[in-house]
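This report goes through the ligand site and the empty spaces of one structure. The sequence and the model come first.

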Amino acid sequence: MGVARVEIPRSHPRYESLVIRERLVEGFVEGIVVPQGLIAHGRGECFDYLIGERTIEPALKAMRAAAAALLLAKHPVISVNGNVAALVPGDVVRLAKAVNAKIEVNLFYRSEERARRIAEVLKAHGAEEVLGVDDATATIPELFSERRRVSPRGIYVADVVLVALEDGDRTEALRRMGKTVIAIDLNPLSRTSLAASITVVDNVVRAVPKLAELAEAMKTEPEDSLKSVLKTYDNAEVLSEVLRYVEARLRELSKTMRERVWSSGSP
Ligand code: ATP
Ligand code: MG
């Protein structure tokens, strides 16, 4: 399929965002990303604009709890889909190493070929083992999408699962199985965000490397201190903080609109 590509000048005011788009388009051409993944990314970008395209304090709070949960877990698993593999393959591997987690490919629009390609990308970035390709033989109860197929050595037995750009149904199903679910999702109102145990409202391109860095730093903390981070964590409060952050930010922006709009002097 012919896909138009562009070279983005560094001076472009939306350089970063456009580079990320190009990376997804590349992933699409390589058979890693599905068209629906491109649409999902667009929805994420909208929320990223609202939070100011930076990691906000409530997201950092959630990431500290997420790092603690992953470090304390017996069987942590990082679930990877096409968008995540296209955007942050190296950071996924780094995070998995930092918390001793397994990496598993899990796709809503599953094809064996795509699962295999995603595993190859992760391996090229240093992953030693990638589950969910030839061994997706267990099933998550009550789920009907292809995402119900999981590895019996991975998500099926995991106590903590990290998901990103996840679907609400599956997040709920994982919670019903008694798992701690960490979600990275730019939309604080999605069903995934509401169903997760810990919701990191941030872009995966910022959140996964930051989470790896935090996990590496928190690794040496005593278990009791990690447990207390988790115990005092309140996801509903953190999601409320995100909404209040956006509300306050929009209110401030609304005050300075006159200075920021284009005015040529004539209407
Ligand atoms: P839900 O099923 O949880 O209600 P949804 O149906 O609205 O969510 P999905 O397409 O199932 O959305 O999931 C994609 C989610 O990932 C969206 O909430 C979107 O905002 C988010 N998202 C997209 N791109 C990114 C990104 N780069 N980083 C973090 N989150 C993202
Ligand atoms: Mg959905």
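## Residues around the ligand

In this predicted model, ligand 1 is surrounded by 17 residues, of which Arg43, Gly168, Asp185, Thr192 and Asn203 come nearest. Sorted by class, this shell consists of 7 polar, 6 charged and 4 nonpolar residues.

Arg43 and Asn203, both among the nearest residues, also take part in contacts between polar atoms. An N or O atom in the side chain of Arg43 is 2.8 Å from an oxygen atom of ligand 1. For Asn203, a polar side-chain atom lies 2.9 Å from a nitrogen atom of the ligand. Glu166 takes part through its backbone: one of its polar backbone atoms is 3.4 Å from an oxygen atom of ligand 1. On its own, ligand 1 has 630 Å² of accessible area, and the protein covers 86% of that.

## Where the ligand sits

Ligand 1 sits in the largest pocket. Two elements give two or more residues to the shell around the ligand: helix H2, residues 35-51, and helix H8, residues 191-195. The most comes from H2, which gives 4 residues to this shell.

## The largest pocket

How much space lies in the largest pocket? The volume is about 680 Å³. The pocket is lined by 32 residues, and those closest to its centre are Ala40, His41, Arg43, Leu165 and Glu166. Two of these names have come up already: Arg43 has a side-chain N or O atom 2.8 Å from a ligand oxygen, and Glu166 has a polar backbone atom 3.4 Å from a ligand oxygen.

H2 gives the most to the pocket lining as well, with 8 residues. H2, H8 and helix H4, residues 82-87, each supply at least two residues of the lining. By class, the lining has 12 polar, 11 nonpolar and 9 charged residues.

## The cavity

Rolling a probe the size of a water molecule over the atoms shows where empty space is left. Apart from pockets, the structure was searched for cavities, and 1 cavity of 30 Å³ or more was found in the whole structure. About 40 Å³ of space lies in the largest cavity.

Which residues line the largest cavity? They are Ile78, Ser79, Val80, Val84, Val92, Leu162, Ala164 and Val208. By class, 7 of the lining residues are nonpolar and 1 is polar, with no charged residues.

Strands supply part of this lining. Strand S1, residues 76-80, and strand S5, residues 160-164, each supply at least two residues. The largest share, 3 residues, comes from S1.

Notes
Residues numbered from 1 in each chain as written. Chains lettered and ligands numbered in written order. Predicted model: local features only at pLDDT ≥ 70, side-chain atom pairs only at ≥ 80, totals over all residues. Heavy atoms only, no water. Near = heavy atom within 4 Å. Polar contact = N/O pair within 3.5 Å; in protein donor to acceptor, adjacent residues only side chain to side chain. Areas by Shrake-Rupley, 256 points an atom, 1.4 Å probe, with all protein chains shown as cover. 1 Å grid on protein atoms, 1.4 Å probe; cavity = no way out; pocket = protein on both sides within 12 Å on 5 of 7 lines; lining within 4 Å. Sits in = over half its atoms within 2 Å of the grid points. Nonpolar A, V, L, I, M, F, W, Y, C, P; charged D, E, K, R; others polar. Points joined across faces, edges and corners; volume = space filled by probe spheres on them.
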